[in-house]
Amino acid sequence: MTTIPTEQVPAIHHRRVGDIMLTVVSDGFLEGSMAVLQNISVEDSSEMLRSVFRPVPRRTSLNCFIIRSGGRTALIDTGAGTHMQKSSGQLLRNLAATGIAPAGIDTVLMTHLHPDHSNGLATAEGGAFFPAAELAMHADEHAYWTSEEAEAEVARTGQGVPTGGAYFPMAKRQMAPYADRLRLFQGGAEVFPGVTAMHFPGHTPGHCGFLIASGGQSLLIWGDIVHLPEVQVPRPEVTILFDVDPPQAAATRRRVFDMVATEKTHIAGMHLHFPATAHLGREGNGYRLFPEAWEQTL
């Protein structure tokens, strides 16, 4: 009898950057309204998706990244945990396929503390999913999510947190188990062997990317520079309701686009489609994304 598969194999993808091993680990995806995109009509953004055979409403990929360097193991972002849609929260399942146990993670590096990136830090009981790991993030990110003034301002305006401020207690709850092993850094700092933090503010105050460099090769994990690549690559002025500072987020996106296109930097992103590695090139007066072809060998 023929057996029909009911699910995909674990979604992991290995790629070398010099002597560093990068592993992309899918956390699944989220579906949501097109109305969260700003500076574009729902009709126009929907048509942009349909024109490249993507589903409407939007489907946003979620990716995390493992870095093995210098005999140590880091995880960049922790996905949505068990607190969001059933299509997300796949990190631990897929991580098991890499042979890495949660207790084998030395450092958790955060691009930022939105729930689709940080809700995989803590268990429902308030324990640490990664019991041996230090938690590291930009100092401005920690300052923002622990600020009573910022939380009150969001509750008043809704800017950047459409849930009316609920993201603040969520972020604090996720960070709590790591309070005695928290490390704050600034942009430009080496935060892990061969990994440098790059401050990309706007989406959140301490939003960061991470530049991996080894053996003359490099790759930039750019975080949330884009949420919906089919729309924001050709239309970088399009922001999202979750941006804390939309004008700054758009300006940062243009700056990063110009940088990676000029330098031909290999990129990876939390919301690029799995396996989430690509190049960005100029096309006319804009840009085009060129997803990386799968490689048989490492």
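A cavity here is a set of points, on a 1 Å grid over the protein atoms alone, where a 1.4 Å probe fits but cannot get out, and its lining residues have an atom within 4 Å of a point. Grid points are joined across faces, edges and corners, and a volume is the space filled by probe spheres set on the points.

The close-ups below come from a predicted model, where local features need pLDDT of at least 70, side-chain atom pairs count only at pLDDT 80 or more, and totals for chains, interfaces and linings use all residues. Residues are numbered from 1 along each chain as its sequence is written, and side-chain values use heavy atoms, with hydrogens and water left out.

**View 1. The largest cavity, with a volume of about 60 Å³.**
Two cavities of 30 Å³ or more turn up in this structure. Around the largest one sit 13 lining residues, and those nearest its centre are H203, D224, I225, A249 and R253. Helix α8 (residues 246–263) is the top contributor to this lining, giving three residues; helices (H or I, at least four residues) and strands (E, at least two) are DSSP runs, numbered from the N terminus. Sorted by class, the lining has five nonpolar, five polar and three charged residues. Here Ala, Val, Leu, Ile, Met, Phe, Trp, Tyr, Cys and Pro count as nonpolar, Asp, Glu, Lys and Arg as charged, and the others, Gly among them, as polar.

**View 2. The second largest cavity, with a volume of about 50 Å³.**
Look for D27, L62, N63, C64, D77, G79, D116, H117, M270 and H271, which line this cavity. Two elements, β4 (58–69) and α3 (115–118), give two or more residues each to that lining. The biggest share comes from β4, with three residues. The class count reads three nonpolar, four polar and three charged.

**View 3. The buried face of helix α6 (residues 167–175).**
Y167, F168, M170, A171, Q174 and M175 are the buried residues to find in α6; buried means under 20% relative accessible area, with a 1.4 Å probe and protein chains only. Seen down the helix axis, they fall within an arc of 165 degrees, so they line one face of α6. That arc is taken from the directions from the helix axis to the C-beta atoms. Their cover includes α3, β7 (134–138), α4 (139–145) and α5 (148–157).

**View 4. Strand β11 (residues 208–214) and its partners, β10 and β12.**
Five of the seven residues of β11 are buried, leaving the strand mostly covered. Strand β10 (residues 195–199) pairs with β11 in the antiparallel sense, over five bridges; two strands pair if DSSP finds at least two bridges between them. Within that pairing, A197 has F210 as its bridge partner in β11. β11 also pairs antiparallel with strand β12 (residues 217–221), again over five bridges, and there A213 is matched with S218 in β12. The hairpin of β11 and β12 has two residues between the strands, and G215 takes a positive phi near 55 degrees.

**View 5. T73 in strand β5 (residues 72–76).**
T73 is buried, with a relative accessible area of 12%. Setting aside neighbours within four places in sequence, T73 is in contact (heavy atoms within 4.5 Å) with I66, I67, R68, I100, G104, I105, D106, T107 and F192.

Definitions and conventions. On a 1 Å grid over the protein atoms alone, a cavity is a set of points where a 1.4 Å probe fits but cannot get out, and a pocket is an open set with protein on both sides within 12 Å along at least five of seven lines; lining residues have an atom within 4 Å of a point. Buried means under 20% relative accessible area, exposed over 50%, partly exposed in between (1.4 Å probe, protein chains only).
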